[in-house]
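Subject: Structure handover

Hi,

Here is the structure I promised to pass on. Please open it alongside this email.

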Amino acid sequence: MESLRRRLRQVTPPPVPRHHSSFSPEALEEARKETGLTVSLCLPARNEASTVGEIVSTVRRTLIDRYDIIDEIVVIDDGSEDSTAAAAAEAGARVVSESSILPKTGHGPGKGNALWKSLHACSGDLICWVDADIRNFNEHFVTGLIGPLLTDPTIGFVKGFYQRPISGEASGGGRVTELVARPLISLLFPQLTQFIQPLSGEYAGRREILESIPFAKGWGVEFGLLVDIIEKYGAEVIAQVDLGVREHRNRPLDQLSLQATAIIATALRRVGLDPASINEAELTRFTADYSVERIEIETGERPPMQSIAAYLDQRRDPQF
Ligand SMILES: Nc1nc2c(ncn2[C@@H]2O[C@H](COP(=O)(O)OP(=O)(O)O)[C@@H](O)[C@H]2O)c(=O)[nH]1
Ligand SMILES: [Mg+2]
């Protein structure tokens with residue numbers, strides 16, 4: 001483990017952060033013509049009927065109808081029980097259910113699993129992921145994230161960061177980031193310390209990179225992607241972009257324990273420990289009346305998409 005830490009300390013730092021306003025829609029339209037790159041916007045969504053439609057219609061109006069920047073908007077719906085699918089389709093997204101994508105690989109819940117499957121469901125050279133519960137969405141979330149990829153060939157992945165208000169206060173959101181991710185990073189993954197919001201749910205990447213790394217199926221996906229991309233390609237391929245302020249659904253503390261457990265499992269796996277070998281990845285919570293709750297945590301991982309034959313067949317198909 002000591003040698004791993006020493007090796008990871010030697011990585012080159014990521015580039016200096018940029019601001020979303022440095023990527024105007026006009027400049028991106030131009031860059032797209034020059035590069036010929038296609039762009040997919042993808043939203044993983046589970047019961048997000050109240051926000052998904054507004055996000056999709058904003059992107060459609062501004063980055064498809066007004067400017068020619070995005071080729072498709074894809075919503076990966078995971079058995080939503082509300083009207084997520086209808087709201088997204090009505091606003092102009094292609095809605096794909098998680099279970100219909102690569103069915104032979106099995107299906108199941110988890111944001112990371114939905115993102116992994118989206119590599120197969122989306123056609124773009126660049127894929128931009130945005131959470132579907134953003135309440136103050138504006139198209140600059142997307143232009144900021146794809147800007148560095150369209151304008152700088154040395155950049156392979158772009159991580160968003162922002163201020164995180166909570167309960168009427170300007171900051172204080174991102175509790176799992178402060179209490180779990182930052183301590184873990186400081187202790188074991190110093191190569192990630194320069195990432196301002198390592199768990200941000202908004203990021204974009206080049207397909208060649210995204211298909212070459214594993215995806216944690218659950219809440220560990222953001223942590224795993226950063227560690228794995230740095231290890232394989234170096235921190236210098238990751239740009240960070242300031243997206244301003246982001247508001248989303250804030251979870252109660254007891255639900256954050258589940259996310260924290262999944263992130264710790266992803267991190268432990270990357271220092272060589274299989275979390276399933278410790279406690280089968282459960283969160284156990286006793287209450288005052290001594291009743292016990294055991295909640296299973298998704299700690300599984302999907303292999304690099306480029307190892308999936310059906311994916312490679314589809315990519316090779318000239319019709320695609
Ligand atoms: N398709 C799919 N999306 C999911 C799943 N779990 C979460 N999401 C979506 O992933 C995004 C982030 O989830 P969210 O609950 O906001 O996580 P938080 O911001 O970390 O509390 C949202 O758009 C969710 O709807 C899932 O199992 N499947
Ligand atoms: Mg959220």
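Below are notes on the core, one helix and the ligand site.

Please keep in mind that this is a predicted model.

Core first. The largest nonpolar core has 85 residues. Within this core, Cys128, Val142, Ile146 and Ala204 touch the most other members. Helix H9, residues 221–233, gives the core its largest share, seven residues. For a closer look, pick Ala204. Leaving out residues up to four places away in sequence, Ala204 touches Leu126, Ile127, Cys128 and Trp129, along with Leu145, Ile146, Leu149 and Val158. Two of the core residues named above, Cys128 and Ile146, are thus contacts of Ala204.

Now H9. This helix is mostly covered, with 10 of its 13 residues buried. The buried residues include Phe223, Leu225, Leu226, Ile229 and Ile230. Glu222 and Asp228 are buried too. Does the length fit, and what should the helix span? At 1.5 Å a residue, the 13 residues of H9 should span 18 Å. The end C-alpha atoms are 17 Å apart, so the two values agree. Just after H9, Gly234 takes a positive phi of about 95 degrees.

Last, the ligand. Ligand 1 is surrounded by 19 residues. The closest are Pro44, Asp78, Pro109, Ala114 and Ala132. Strand S2 (39–45) and helix H5 (111–121) each supply at least two residues of this shell. What is the make-up of the shell around ligand 1? Nine residues are charged, six are nonpolar and four are polar.

Best wishes

How values were computed
Residues numbered from 1 in each chain as written. Chains lettered and ligands numbered in written order. Predicted model: local features only at pLDDT ≥ 70, side-chain atom pairs only at ≥ 80, totals over all residues. Core = buried A, V, L, I, M, F, W, Y, C linked by C-beta atoms within 7 Å. Buried ≥ 20, exposed ≤ 12 C-beta atoms within 10 Å, placed from the backbone. Helix = DSSP H or I, 4+ residues; strand = E, 2+ residues; numbered from the N terminus. Contact = placed C-beta atoms within 7 Å. Near = placed C-beta within 6 Å. Nonpolar A, V, L, I, M, F, W, Y, C, P; charged D, E, K, R; others polar. Expected span 1.5 Å × (residues − 1).
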